[in-house]
Amino acid sequence: MRASINLKHLRHLELLAEELNFSRAAERANLSQTAFSRSIQALETEFGLRLFDRDTRSVRPTPAGRYLIARAHTLLGRARDLADDIYYLSQAERGELNFGISLLAIDGPLRNALIDLKKQCPHLKLHIEASQTPNLQTHLEQERIEFFIAYPGDLKEDERFELTWLPSEPCSMYCRPEHPLLQQRTPPSPMQIPDYPWSAVTIDKSLSPRIRSILGMKPNQALPIGLTCDNLQILHDTTLHSNNILFTWKSWIDSNSELVNIGTFLQPQLPTTAMNIECAIVQLADRSLSPPAQRLMDLILMHARIDS
């Protein structure tokens with residue numbers, strides 16, 4: 001039968017090899033000399049080898065002892081490295097974190113939370129997938145990511161997922177300064193918005209009824225989407241040089257942008273929160289988050305409270 005490996009006994013072997021003195025080695029191990037000697041004897045019995053020659057004046061490792069001491073030193077070093085890794089993982093300071101983010105949810109509390117996370121955990125590896133909600137859902141179910149942040153749509157009715165809601169983000173509609181709706185003598189009305197092509201990232205189907213209701217469209221009327229794109233710069237530039245109306249979160253539009261928030265000109269005015277979109281942190285309902293994922297979620301929620 002093969003001998004079992006006891007790391008505590010190997011540590012005692014290492015100490016005795018360093019000190020070559022039972023009394024000093026026992027003191028470093030915080031054991032009595034008798035208990036320390038029994039530990040070394042137990043190791044020799046377990047392996048069936050004499051590891052040290054000792055007499056009244058000296059302690060010397062045998063050839064078998066020298067071989068085992070070298071291997072024990074390597075094994076104990078790896079065990080200490082593993083213990084360090086486990087500690088840092090439990091503190092979310094090392095390891096890897098894979099999560100997803102929808103294109104509309106890139107801004108908001110996540111930005112500041114990521115800055116804090118990198119300051120607190122500089123050695124943590126982050127893998128962030130920016131994609132559409134259906135793709136993120138698939139990768140979450142495959143456990144390629146631990147959570148994602150997006151407008152959850154129908155997922156809020158799905159018991160397989162656990163949602164942590166974030167404050168809603170204000171959205172609006174933007175156009176170029178020379179847009180016909182801004183050149184007419186009367187203020188534009190919400191019902192005129194569907195007369196022009198829209199630009200946006202892919203709009204979640206569950207949002208469509210809400211948009212139709214806000215803009216006075218018929219229940220089954222098709223949204224006049226003229227351009228969908230995952231790149232904000234393309235959406236911005238094409239809106240600036242066309243009659244398209246851009247639907248996006250206000251945080252996406254820089255204060256220096258030439259685009260005009262046409263939502264502020266509509267008559268009658270839309271309710272303040274009518275265009276807001278809610279986001280949530282979506283995770284699998286029966287899975288525990290890793291320490292890094294939990295730390296990032298806590299930071300996101302903290303900044304969400306600060307910003308709201």
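The accessible surface of the protein chain adds up to about 17300 Å², and 51% of that belongs to carbon and sulfur atoms. Keep in mind as you turn it around that this is a predicted model. Of the chain's 308 residues, 43% count as buried. As for charge, there are 32 positive and 36 negative side chains, with the centres of the two sets lying 8 Å apart.

Now for the overall outline. A compact globule of 308 residues would come out with a radius of gyration near 19 Å, but this protein chain has 32 Å. The box tells you about its proportions: taken along the principal axes, the C-alpha atoms fill roughly 110 × 40 × 30 Å. Inside that outline you can pick out ten helices and twelve strands. If you take the contacts between residues at least 6 apart in sequence, 71% of them join residues at least 24 apart.

A couple of pairs give you a feel for distances along the chain. Start with Phe47, which is found in helix H3. The C-alpha of Phe47 is 9.4 Å from that of Ile5, with the two positions 42 residues apart in sequence. Phe47 counts as partly exposed because its relative accessibility is 23%, and the buried class stops under 20%. Then go to Ile149, found in strand S5. Ile149 and Pro61 are 88 residues apart along the chain, and their C-alpha atoms are separated by 60 Å. Ile149 has 3% relative accessibility, so it counts as buried.

For another buried spot, head to Leu296 in helix H10, which covers residues 291–307. How accessible is Leu296? Its relative accessibility is 0%, so it counts as buried. Who is around it? Leaving aside neighbours within four places in sequence, Leu296 is in contact with Leu97, Phe99, Ala113, Leu114, Leu117 and Phe147. Asp116 also belongs in this picture: it sits 180 residues from Leu296 along the chain, yet the C-alpha atoms of the two are separated by 8.8 Å.

Next, try Arg176, which you'll find in the loop between strand S7 (171–175) and helix H7 (180–183). Is this arginine buried or exposed? Arg176 counts as buried because its relative accessibility is 19%, and the cut-off is under 20%. What does its side chain reach? A polar atom of the Arg176 side chain lies 2.9 Å from the backbone oxygen of Ser242. Ser242 also turns up among the residues that Arg176 touches, along with Leu182, Thr239, Leu240, Asn243 and Leu259, once residues up to four places away in sequence are left out.

Asp230 is another loop residue, placed between strand S9 (225–228) and helix H9 (232–240). With 49% relative accessibility, Asp230 counts as partly exposed, because exposed means over 50%. Beyond residues up to four places away in sequence, Asp230 touches Leu103 and Gln132. Ala130 is 100 residues from Asp230 in sequence, but the two are 9.4 Å apart in space, C-alpha to C-alpha.

Last stop: some backbone geometry worth a look. Most residues other than glycine have a negative phi, and most peptide bonds are trans. Which residues here go the other way on phi? One of them is Asn30, whose phi is near 60 degrees, a positive value in a residue other than glycine. Asn30 sits in the loop between helix H2 (22–28) and helix H3 (33–47). Its relative accessible area is 70%, so Asn30 is exposed. Glu143 also has a positive phi, of about 60 degrees, although it is not a glycine. Look for Glu143 in the loop between helix H6 (133–141) and strand S5 (148–150). Glu143 is partly exposed because its relative accessible area is 47%.

The peptide bond to check is the one from Gln267 to Pro268: it is cis, with omega near 0 degrees. Pro268 lies in the loop between strand S11 (260–261) and strand S12 (277–284).

Conventions
Residues numbered from 1 in each chain as written. Predicted model: local features only at pLDDT ≥ 70, side-chain atom pairs only at ≥ 80, totals over all residues. Heavy atoms only, no water. Helix = DSSP H or I, 4+ residues; strand = E, 2+ residues; numbered from the N terminus. Rg over C-alpha atoms; globule rule 2.2 N^0.38 Å. Buried < 20%, exposed > 50% of the residue type's maximum accessible area, 1.4 Å probe, protein only. Contact = heavy atoms within 4.5 Å. Areas by Shrake-Rupley, 256 points an atom, 1.4 Å probe, with all protein chains shown as cover. Lys, Arg positive; Asp, Glu negative; His and termini not counted. Charge placed at Lys NZ, Arg CZ, Asp CG, Glu CD. Polar contact = N/O pair within 3.5 Å; in protein donor to acceptor, adjacent residues only side chain to side chain.
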